[in-house]
Structure formats: C-alpha cells, structure tokens
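Subject: Structure handover

Hello,

The structure you asked about is below, and my notes follow it. Please read them with the coordinates open.

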Amino acid sequence: MGMSGITSAAEEVKIGFLVKQAEEPWFQAEWAAAEKAGKEHGFTVIKIAVPDGEKTLTAIDNLAANGAKGFVICPPDVSLGPAIMAKAKALGLKVMAVDDRFVDAKGNFMEDVPYLGMAAFEVGQKQGAAMAVEAKKREWDKDGWKGTYAIINTYNELDTGKKRTDGSVKSLEEAGLPKDHILFTAQKTLDVPGSMEATNSALVKLPSDFKNLIIGGMNDNTVIGGIRATESAGLRPTSKENRVIGIGINGTDAIE
C-alpha cells in the first residue's frame, strides 16, 4: 500500500532580542550579529526596543503571541528581573540576559538566569589607559600631575557600569594620577543630560589650581555629557588656561 507523500516543513524557530537603547550603536551591532547567526543556524530574530518596564512586559507578551521560543534581553532596569522571569515562565519562554545582569528584590544577582556578559573591568581599564596616554602626550603628568584632575561619572546601580569605571580609575592611578585628583559624581540617568548634570555638580568642587581635566564614564553618553558640561562652564579643549579630554566606551559617538 502506497503512502501519500506528505512533506512537513520544519517549524520556524523565532527568538526575541530585546534591548534597552535600540538607537545605540552597541545594540545595533548586537542585533546585526544575532541576525547573522540566525541566517547561519536557521532561526529568525525578532528585534524589539524596550526602553522601560511596561514596554518590556508588553514585548514578552507579543513574542509569545508570535510563536517565539524565548528571548535574549538587555533590560532597561536590572531590577525588572523577577517580573521578566515570572512573565516568561507563565508564557513558557526561555530567557537569557546579556550585558546587564538581573537582580532580585534584595539587589542580589539572579544566579539561576543564564547570563552572557562582557569583560567590563578590562574594558574600563583600556579607557583609563587611553586617557592617561593622551594626558601624558600633553605633559599633564608633569610635577606629579599638578593641576590635572579627573571627573568620573558613575552609575554604580549597574554592575557593568561600576566595573567599567572601576577599571578606568585603576588604570589612571597606575599611570600615576593621585587618588585625591579623582572626583566621582553619581549619575541619575545614563543619557547625555544625566551626565551633564552629574559633571556640573563636580566642576564646582575642583580646586583652585585646576588646569587640566579628564572626563570618564561607563559609555559614550556619560563622556559626551561631561564634555558638554565643561563647554557650558566655559572650558575648551584647546584653551591655554583650562584643557579637557574625554574618551568614551563604544568609540562610535564620542569621537570628538
């Protein structure tokens, strides 16, 4: 007895990729790499921007409705971890966090959630080393770095951010910049306005012998905002009285 030829097409595998700042070149690059992997390994990437908690949970619902098997996510707020995992579990979706690690209600890492991170401390070290090189090219290290100070915009609520700025500071100190020449200022937000506000609060704390300034932070925006703040305060990179340098992390926006 013959059997009718029935061809069953393989089920399409869909995987979501949710990112907090889709406009950032870093996340554009991650999306591009994911799509390339999808073409090579036979799955479809559903790209969704999730700038806040509400959009994150809605995106997870939409992924389930579209038949996704799971999703990769860099959350807009790491404290959303429990809510994200509860939603994913209810919908039967697998989850992997990237870049920024989920934390629970007590602020502890959610160890049971698969996570793919980066060498954030080492990335920060490269930033600090590059800033030190540029400072030494300008001979700012003369006389024990007299008149040279650094303002580091911090966002310690984010582990990745803290590791980056910690690494940057370590390299500056290893290059000889005295610890008391480094000013830390906390950001409320990770955008340019947030870093401008943080830097402004630190500028007024600079000592009277200040001549040269290094601006650092966890990404391009934190450095760009810092530079904008110095410009608003009347400081210019080429000024003979006060000189400013800043090197971002990403290397796409802070090229100026």
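In strand β2, I48 is the bridge partner of L18. Keep in mind that this is a predicted model. The pair belongs to a parallel arrangement in which 7 bridges join β1 (residues 13-19) to β2 (residues 43-49). Between these two strands the chain passes through helix α1 (residues 25-41), and the resulting β-α-β crossover is right-handed.

Strand β1 also pairs with β3 (residues 70-74), again in the parallel sense, over 5 bridges. There, I15 stands opposite G70 of β3.

The other item is helix α4, residues 120-137. With 18 residues at 1.5 Å a residue, α4 should span 26 Å, and its end C-alpha atoms are 26 Å apart, so the expected and modelled lengths agree.

Which residues of α4 are buried? They are A120, G124, Q127, G128, M131, A132 and A135. Because these residues cover an arc of only 135° around the axis, they lie on the same side of α4. The face turned away from that buried side carries K126 and K137, both exposed.

As for what the buried residues of α4 pack against, the partners are two strands, β8 (212-216) and β9 (243-246), and three helices, α5 (142-145), α6 (159-174) and α8 (220-232).

One backbone detail follows the helix: just after α4, E139 takes a positive phi of about 60°.

Regards

Terms used. Residues are numbered from 1 along each chain as its sequence is written. This is a predicted model: local features need pLDDT of at least 70, side-chain atom pairs count only at pLDDT 80 or more; totals for chains, interfaces and linings use all residues. Side-chain values use heavy atoms; hydrogens and water are left out. Helices (H or I, at least four residues) and strands (E, at least two) are DSSP runs, numbered from the N terminus. The expected span of a helix is 1.5 Å times one less than its number of residues. Buried means under 20% relative accessible area, exposed over 50%, partly exposed in between (1.4 Å probe, protein chains only). The arc is that of the directions from the helix axis to the C-beta atoms. Contact means heavy atoms within 4.5 Å. Two strands pair if DSSP finds at least two bridges between them. A crossover is right-handed if, with the strands pointing away from the viewer, the path from the first strand over the helix to the second runs clockwise.
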